[in-house]
Amino acid sequence: ELNHNGLQKVKTTSTGIEVTGSVVADALTVDTMNFNASSITGTSDLTLDVAGDITFDADGGDFKFKDGGTEFGRIFQSGNNMYIKSTVSDGNIIFQGNDGGVSTSVLTFDMSAAGAATFNSTVTADALTLDSTDNTITFGDANTSIRGASATGGVLQTKGYNGFSFTQTKAGDKTRFNIADGGDVSFYEDTGTTAKLFWDASAES
């Protein structure tokens, strides 16, 4: 036993040693650490650096992330599913990456709009299913094209507020028909430059 001012501070047991009070050390090497307390507190950054993997095992199933004691997110299990949750009201979930040295937000889930997703760039998918009674695809004011990956297909194109056209890419980007913003419809000949059949919407009013 080791005592200080008549009080026992260190004693040996059949399984090791028991320390009463705090331990101050420049380094501590142990095989296994068991904590009876519920927290580890540090005055600066904390680094976990191991030669192998780091495993987090929470029997409660929740990993909570806090800043200054306030929770802002968590990862948890429910059933066989893993959930990633922003716990701040209307707090967005944002995925970022490094694009050539520039920090870039690549995907944002707007939690104030039921998780509406905004991608910073293109989206590649095998199929797109719109699963609702009333579905809407909204484009910006600039020119927008819907085209197949193959050069042998066609292109559906909106031209801002200036109408809608179908262009055949197999034929060398030749326009086949066009609907102007006023409702006029034009069908083009084989070169895609001259409208041979024209319907004047204003004449039908």
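In this predicted model, a good place to begin is Ser186, which is found in strand E14, the stretch that covers residues 185-188. The relative accessible area of Ser186 is 9%, and Ser186 is therefore buried, since that word is used for values under 20%. If residues up to four places away in sequence are set aside, the contacts of Ser186 are Arg176, Phe177 and Asn178, together with Ala195, Leu197 and Phe198.

From this strand residue we can turn to the aromatic rings. A pair of such rings is described by two quantities, namely the distance of the centres and the angle of the planes. The count of aromatic pairs in the model comes to five. One of them joins Phe56 and Phe63, whose ring centres are 6.1 Å apart and whose planes are at 80° to each other; this pair is called edge-to-face because an angle over 60 degrees falls under that heading. As for the surroundings of these two residues, Phe56 has a relative accessibility of 57% and so counts as exposed, whereas Phe63, with 29%, counts as partly exposed.

Another pair is made by Phe76 and Tyr83, and here the centres are 5.0 Å apart while the planes differ by 5°. Because planes under 30 degrees apart count as stacked, the pair of Phe76 and Tyr83 belongs to that class. With regard to accessibility, Phe76 has a relative value of 19% and therefore counts as buried, the limit for that word being under 20%. Its partner Tyr83 has a relative accessible area of 36%, which means that Tyr83 is partly exposed.

How values were computed
Residues numbered from 1 in each chain as written. Predicted model: local features only at pLDDT ≥ 70, side-chain atom pairs only at ≥ 80, totals over all residues. Heavy atoms only, no water. Phe/Tyr/Trp six-rings, centres within 6.5 Å; stacked < 30°, edge-to-face > 60°. Buried < 20%, exposed > 50% of the residue type's maximum accessible area, 1.4 Å probe, protein only. Helix = DSSP H or I, 4+ residues; strand = E, 2+ residues; numbered from the N terminus. Contact = heavy atoms within 4.5 Å.
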